[in-house]
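Me: I'm new to reading protein structures, and I'd like to learn how to make sense of charges and surfaces. Could you walk me through this one?

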Amino acid sequence: MSYVDGFVLPVPKRNLAAYRAMSRKCARVWREHGALEYRECVADDVKPGKHTSFPQSVKLKPGETVVFSWIVYKSRAQRDRVNRKVMADPRLAKLMDPKKMPFDGKRMFWGGFKVFVSA
């Protein structure tokens, strides 16, 4: 079964074009280094819940939206190899400056997941 890195983060709506441009560059780099899929999705139907929700998970502020993203790999070992290459890729160095990111990285969360159902 494949392996997936998942991400959820808040993006100011005024920065969506900049975030999309950054994501397109990231997608190229990840795919060139071996990722099978790279997806970035912007919230369309995500209402605040009573106890938890996507907006609550990132402490969404007025004027922001939620982005849900994932990257698919062959395996965790392959993910680890790809990510080492990606993190060493000079094309990403300038994109990783927290002061220049089009979102608040402190409210982003992520994790790696083993796929156990695939249809």
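Reply: Sure! Keep in mind that this is a predicted model. Let's begin with a charged pair: arginine 39 and glutamate 37 form a salt bridge, and their closest N and O atoms are 3.5 Å apart.

Me: How do I read that distance, and are the two residues buried or exposed?

Reply: The general idea is that a side-chain nitrogen of Lys or Arg has to be within 4 Å of a carboxyl oxygen of Asp or Glu. At 3.5 Å, the pair of arginine 39 and glutamate 37 qualifies. As for cover, a residue between 20% and 50% relative accessible area is called partly exposed. Arginine 39 has 40%, so it is partly exposed. Glutamate 37 has 30%, so that one is partly exposed too.

Me: How many salt bridges are there in the whole structure?

Reply: A search turns up eight. Another one joins the side chains of lysine 47 and aspartate 45, at 2.6 Å from N to O. Both lysine 47 and aspartate 45 are exposed.

Me: What about a salt bridge with buried partners? Which residues should I look at?

Reply: Try glutamate 64 and arginine 107, whose closest N and O atoms are 2.5 Å apart in a salt bridge. Glutamate 64 sits in strand E3 (residues 64–73) and arginine 107 in the loop between H4 and E4, so this pair ties together parts that are 43 residues apart in sequence. Buried means under 20% relative accessible area. Glutamate 64 comes in at 11%, so it counts as buried, and arginine 107 is buried as well because its value is 12%.

Me: What else does the side chain of arginine 107 reach?

Reply: It reaches the backbone oxygen of valine 58, at 3.0 Å.

Me: Can salt bridges join up into something bigger than a pair? I'd like to see which residues are linked in a network.

Reply: Look at Asp5, Arg79 and Asp80, which are linked in a network of salt bridges. Aspartate 5 belongs to strand E1 (residues 3–12). With just 6% relative accessibility, aspartate 5 counts as buried. Its side chain also makes a polar contact with the side chain of tyrosine 73, at 3.4 Å.

Me: Okay, now the surface. How do I read a patch, and which residues form the positive one?

Reply: For a charged patch, you look for like charges within 9 Å of each other, on residues with over 30% relative accessible area and no salt bridge. Here, Arg20, Arg24, Lys25, Arg28 and Lys94 form a positive surface patch. Take lysine 25 as an example: it lies in helix H1 (residues 16–32), and its relative accessibility of 40% makes it partly exposed.

Me: And which residues form the nonpolar patch?

Reply: That one is made of Val46, Phe54 and Phe68, which together have about 230 Å² of accessible area. Valine 46 is in the loop between strand E2 (37–42) and helix H2 (54–57). Its relative accessibility is 31%, so valine 46 counts as partly exposed.

Me: One last thing: the backbone. Which residue has a positive phi although it is not a glycine?

Reply: Lysine 59, with a phi of about 50°. You'll find lysine 59 in the loop between H2 and E3. Its relative accessible area is 64%, so lysine 59 is exposed.

Note on methods: Residues numbered from 1 in each chain as written. Predicted model: local features only at pLDDT ≥ 70, side-chain atom pairs only at ≥ 80, totals over all residues. Heavy atoms only, no water. Patch = residues over 30% accessible without salt bridge, like charges linked within 9 Å, V, L, I, M, F, W, Y side chains within 5 Å. Areas by Shrake-Rupley, 256 points an atom, 1.4 Å probe, with all protein chains shown as cover. Lys, Arg positive; Asp, Glu negative; His and termini not counted. Charge placed at Lys NZ, Arg CZ, Asp CG, Glu CD. Helix = DSSP H or I, 4+ residues; strand = E, 2+ residues; numbered from the N terminus. Buried < 20%, exposed > 50% of the residue type's maximum accessible area, 1.4 Å probe, protein only. Polar contact = N/O pair within 3.5 Å; in protein donor to acceptor, adjacent residues only side chain to side chain.
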